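Here is a short note to read with the model open beside you. Take the points in order and find each residue as it comes up.

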Amino acid sequence: METDLYTETLRLARESGESVPDLARATGLKQRWLHRLLAGDFNDPGVRKIERLHRHLMGHAQSSADQAA
């Protein structure tokens, strides 16, 4: 089963043992946003939309290449 970037990132953040302030300092992200992310407050923080579009575009590019060949 393929794990999406969002789920994998949450897993890594939770398993890292780093505190939210440490993560904020290391990444430049706001602590409030990190707290909300780790609490599961976001249904779709944006990256999933990009992944969905990317998968579609990659499939489209592959089918176009297959038709050209």
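1. Start with helix H2. Its residues Val20, Leu23 and Ala24 are buried. Look down the axis of H2: these buried residues fall within an arc of 100°, so they line one face of the helix. Keep in mind that this is a predicted model.

2. Why can residues spread along a helix share a face? An α-helix has 3.6 residues a turn, so residues three or four places apart point the same way.

3. Now turn H2 around. The face turned away from its buried side carries Arg25 and Ala26, and both are exposed. What do the buried residues of H2 pack against? They pack against H3.

4. Move back along the chain to H1. Here Tyr6, Leu10 and Ala13 are buried. They cover an arc of only 65° around the axis, which puts them on the same side of H1.

5. Check the length of H1 as well. H1 has 12 residues, and at 1.5 Å a residue it should span 16 Å. The expected span is 1.5 Å times one less than the number of residues, so the count to multiply is not the full 12. The C-alpha atoms at the two ends of H1 are 16 Å apart, which agrees.

6. Look at what follows each of these two helices. Just after H1 comes Gly17, with a positive phi of about 80°. Just after H2 comes Gly28, and its phi is also positive, at about 80°.

7. Next, the largest pocket. Its volume is about 250 Å³. It is lined by 15 residues, and the closest to its centre are Thr9, Leu29, Trp33, Leu34 and Leu37.

8. Which helices supply the lining of the largest pocket? H1 (5–16), H2 (20–27) and H3 (31–39) each supply at least two residues. H1 gives the most, with six residues.

9. What is the character of that lining? It divides into 13 nonpolar residues, two polar and no charged.

10. Finish with the whole protein. It has four helices and zero strands. From the N terminus on, the order of elements is α-α-α-α. Of its 69 residues, 14% count as buried. A residue counts as buried when its relative accessible area is under 20%. The buried residues named above include Tyr6, Leu10 and Ala13 in H1, and Val20, Leu23 and Ala24 in H2.

Key
Residues numbered from 1 in each chain as written. Predicted model: local features only at pLDDT ≥ 70, side-chain atom pairs only at ≥ 80, totals over all residues. Heavy atoms only, no water. 1 Å grid on protein atoms, 1.4 Å probe; cavity = no way out; pocket = protein on both sides within 12 Å on 5 of 7 lines; lining within 4 Å. Points joined across faces, edges and corners; volume = space filled by probe spheres on them. Nonpolar A, V, L, I, M, F, W, Y, C, P; charged D, E, K, R; others polar. Buried < 20%, exposed > 50% of the residue type's maximum accessible area, 1.4 Å probe, protein only. Arc of directions from axis to C-beta. Contact = heavy atoms within 4.5 Å.
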